[in-house]
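Work through the exercises below with the sequence and the structure open. Each task is followed by a solution in steps.

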Amino acid sequence: MMDLDTLYRTYKPVLLAYAYRMLGSITDAEDIVQDVFVSVRDLDWQSIEHPKAYLMKMVTNRSINMIRSARRQREVYPGTWLPEPDIRFTTAIAADEPAEQLVLRERFGYALLVLLQQLSPLERAVYILKESLGYPYDEIALMLQKTEAACRKLFSRANAKVGSHAQNEDELTTNSAVAAEPYVQAFTEAVKTGRFESFIHLLTDNAVLLSDGGGKVRTAINPIYGRDRILAFFSGLYNKGSYRGTLHSVSISDQPGVLFVRPDGYMKVFCFGYSSDQTIQYIYSIANPDKLQHIHGSPIH
């Protein structure tokens with residue numbers, strides 16, 4: 001039987017990744033996982049037959065409670081709320097990374113993280129546990145204190161809402177660094193030169209630009225729909241000198257994207273969601289400084 005320190009080292013990575021997918025916030029995920037380990041420090045682990053399942057259940061319950069309590073805050077959020085982008089891991093995956101962590105990284109890009117916000121807390125938990133971590137329904141039922149039939153129904157509803165979109169992402173993000181490179185290069189070149197037409201042709205006709213400034217920085221409050229309006233928006237910003245800075249190709253929540261940094265420290269990250277024909281359906285732009293704090297001090301910054 002492992003002691004608490006060993007449990008922490010062994011399961012913290014996958015618990016963090018799971019909580020992040022549930023919450024869309026790195027900070028909240030870290031707080032929940034830390035709180036779980038503090039709360040179990042005096043437990044008799046000899047009496048707990050499946051410690052990993054026990055910890056997963058605790059993280060699940062705390063995540064669900066936090067999602068429910070955050071709903072009211074989201075209702076008064078200035079503009080579009082987008083998940084906090086995780087760009088902390090921009091190098092190769094460590095060889096000793098837990099297998100479950102590898103699965104999470106492979107199956108969850110940023111676009112899917114956005115789609116998960118459509119799901120209820122229970123749907124989200126079942127979808128991540130089943131689709132990403134591969135937990136059987138009987139174990140999921142124990143974690144959520146639901147019947148297997150209820151968990152199957154929850155997964156079916158969740159899959160109906162995001163399944164086709166997730167498949168689009170899977171098809172493009174297999175070997176994603178290579179598959180998405182033309183999109184990232186086209187966007188980077190457009191921002192550098194101000195010639196956005198080639199990039200705009202990579203968008204679907206009904207593409208959407210979603211921006212999250214959190215009321216802290218100036219950005220588009222409402223979604224921008226359609227190629228022509230997106231072109232006008234980017235061209236207007238370029239003409240105002242808003243893109244005078246440095247561009248970095250990065251991995252944003254394990255999905256290729258772009259980090260823009262101005263000399264005054266202003267930062268913004270961009271990544272994309274794809275349609276079934278592998279054109280760009282969504283452009284996600286995150287500039288809320290509260291969601292980019294973890295970039296400061298990184299090798300990129």
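## Exercise 1: strand 4 and its neighbours

All numbers here come from a predicted model. Strand 4 (residues 255-261) is largely enclosed by the rest of the structure, because 7 of its 7 residues are buried.

Task: determine which residues of strand 4 point one way and which the other way, and which residue of strand 4 is the bridge partner of histidine 248.

Solution.
1. Gln255, Gly257, Leu259 and Val261 point one way. Pro256, Val258 and Phe260 point the other way, and both sets are buried.
2. Strand 3 (residues 246-252) pairs with strand 4 in the antiparallel sense, over 7 bridges. Within this pairing, histidine 248 has leucine 259 as its bridge partner.
3. The two strands form a hairpin with 2 residues between them. Serine 253, in the turn, has a positive phi of about 50 degrees.
4. Strand 4 is also joined to strand 5 by 5 bridges, and these strands run antiparallel. Here leucine 259 stands opposite valine 269.
5. Strand 4 and strand 5 form a hairpin with 5 residues between them. In that turn, glycine 265 has a positive phi of about 95 degrees.

## Exercise 2: the nonpolar core

Task: find which residues touch the most other members of the largest nonpolar core.

Solution.
1. The core has 66 residues, and Tyr110 and Tyr284 touch the most other members.
2. Helix 1 (residues 4-23) gives the largest share of this core, 10 residues.
3. Apart from it lies another core of 29 residues, including Ala180, Phe196, Ile230 and Phe270.
4. Leaving out residues up to four places away in sequence, tyrosine 284 touches, among others, Leu82, Tyr110, Val269 and Phe270.

## Exercise 3: two glutamines

Task: is glutamine 145 buried or exposed?

Solution.
1. Glutamine 145 is in the loop between helix 7 (137-144) and helix 8 (148-173). Its phi is positive, about 55 degrees, although it is not a glycine.
2. Most residues other than glycine have a negative phi.
3. Glutamine 145 has a relative accessible area of 66%, so it counts as exposed.
4. Glutamine 278, in the loop between strand 5 (267-274) and strand 6, has a positive phi of about 65 degrees. With a relative accessible area of 32%, glutamine 278 is partly exposed.

## Exercise 4: the largest pocket

Task: state how many residues line the largest pocket and how they divide into nonpolar, polar and charged.

Solution.
1. The pocket has a volume of about 830 Å³.
2. It is lined by 34 residues, and Leu23, Arg74, Trp81, Gln117 and Lys291 lie nearest its centre.
3. The lining divides into 14 nonpolar, 12 polar and 8 charged residues.
4. Helix 3 gives the largest share of the lining, 7 residues.

Terms used:
Residues numbered from 1 in each chain as written. Predicted model: local features only at pLDDT ≥ 70, side-chain atom pairs only at ≥ 80, totals over all residues. Heavy atoms only, no water. 1 Å grid on protein atoms, 1.4 Å probe; cavity = no way out; pocket = protein on both sides within 12 Å on 5 of 7 lines; lining within 4 Å. Points joined across faces, edges and corners; volume = space filled by probe spheres on them. Helix = DSSP H or I, 4+ residues; strand = E, 2+ residues; numbered from the N terminus. Nonpolar A, V, L, I, M, F, W, Y, C, P; charged D, E, K, R; others polar. Core = buried A, V, L, I, M, F, W, Y, C linked by side-chain atoms within 4.5 Å. Buried < 20%, exposed > 50% of the residue type's maximum accessible area, 1.4 Å probe, protein only. Contact = heavy atoms within 4.5 Å. Pairing = 2+ DSSP bridges.
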